[in-house]
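The following exercises concern one protein chain and its fold. Please work through each task before reading its solution.

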Amino acid sequence: MGFFIITGKREFRLRPQAFRNDFCRHCHEEVLAVRYGSFVFGTLFWIPLLPLGPRRRWLCWECFQPTHSHPGPKRSQRFLMVLALAILITGLASVLPEEAPDTKPILIGLIAAMGLGFIWFLYLGISHRNAPEWKPHLARVEPCQDHQCPLCEAPLHLTAEGAECRLCRVKRL
Ligand SMILES: [Zn+2]
Ligand SMILES: [Zn+2]
């Protein structure tokens, strides 16, 4: 008899904590970024049991991606794509000889398109991370001087460390 233990992760108390000017690697420009904080629990059968600790990440207010994360698919995702495409192409090629003449060109077109995808992902997989330089841009980002909360548009209150929104409880950094 089969027995499966389903594990996962869940985030609790996800809320915005702060905002700042930042450089987004996905938009490749200076953007406003909001820091979201949460508490992560490891789950067993969807029940949160294991506290894994707090998690913080800066999200771009334009595209909602983590501002400093590498744009494009991850290495493991690219590897899986290459593998999936290779299996699909061999599968389709094996049924090709038995195909009726009117559907054959469609199948050949499909195999060709997948072949191109295969070559592209293979190229991405072996080529170096050739994302454009972004650290010099980040160094040029000026601190945020906004007097309005980006979340609720209420005026910010000045504090000893800077400014914050009393409604959203987000700090300007
Ligand atoms: Zn962005
Ligand atoms: Zn606010």
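**Exercise 1. The first hairpin**

E1 and E2 form a hairpin with 4 residues between them, and His 28 in the turn has a positive phi of about 50°. The model is a predicted one, in which local features need pLDDT of at least 70, side-chain atom pairs count only at pLDDT 80 or more, and totals for chains, interfaces and linings use all residues. Residues are numbered from 1 along each chain as its sequence is written, while chains are lettered from A and ligands numbered from 1 in the order in which they are written.

Task. Determine in which sense E1 and E2 pair, and over how many bridges.

Solution. Step 1: strands (E, at least two residues) and helices (H or I, at least four) are DSSP runs numbered from the N terminus; strand E1 spans 7-24 and strand E2 spans 29-44. Step 2: two strands pair if DSSP finds at least two bridges between them. Step 3: E1 and E2 pair in the antiparallel sense over 15 bridges. Step 4: as one point in this register, Gly 8 stands opposite Thr 43 in E2.

**Exercise 2. The sheet**

Task. State in what order the 6 strands form the open sheet, and which strands stand at its edges.

Solution. Step 1: E2 pairs with E3 in the antiparallel sense over 12 bridges, and Phe 39 has Pro 54 in E3 as its bridge partner. These two strands form a hairpin with 2 residues between them, where Phe 45 in the turn has a positive phi of about 55°. Step 2: E1 is joined by 2 bridges to strand E6 (residues 171-172), and the two run parallel. Step 3: strand E5 (residues 163-164) pairs with E6 in the antiparallel sense over 2 bridges. Lys 171 in E6 is the bridge partner of Ala 18 and also of Glu 164. Step 4: the order is E3-E2-E1-E6-E5-E4, with mixed pairing. E3 and strand E4 (157-158) stand at the edges with a single partner strand each, so one side of each is left without a neighbour in the sheet.

**Exercise 3. The nonpolar core**

Task. Identify which elements give two or more residues to the largest nonpolar core.

Solution. Step 1: a nonpolar core is a set of buried Ala, Val, Leu, Ile, Met, Phe, Trp, Tyr and Cys residues joined through C-beta atoms within 7 Å. A residue is buried if 20 or more other C-beta atoms lie within 10 Å of its own, exposed if 12 or fewer, and partly exposed in between, with C-beta atoms placed from the backbone. Step 2: the largest core has 11 residues, including Phe 19, Cys 24, Trp 58 and Cys 165. Step 3: the elements sought are E1, E2 and strand E3 (47-60).

**Exercise 4. Overall dimensions**

Task. Establish how the radius of gyration of the protein stands against the globule rule.

Solution. Step 1: the pattern along the sequence is β-β-β-α-α-α-β-β-β. Step 2: the radius of gyration is taken over C-alpha atoms, and the rule is 2.2 Å times the number of residues to the power 0.38. Step 3: the radius of gyration is 24 Å, well over the 16 Å that the rule gives for 173 residues, so the protein is more spread out than a compact globule. Step 4: the C-alpha atoms fill a box of roughly 75 × 50 × 30 Å along the principal axes, and buried residues make up 9% of the 173 residues.
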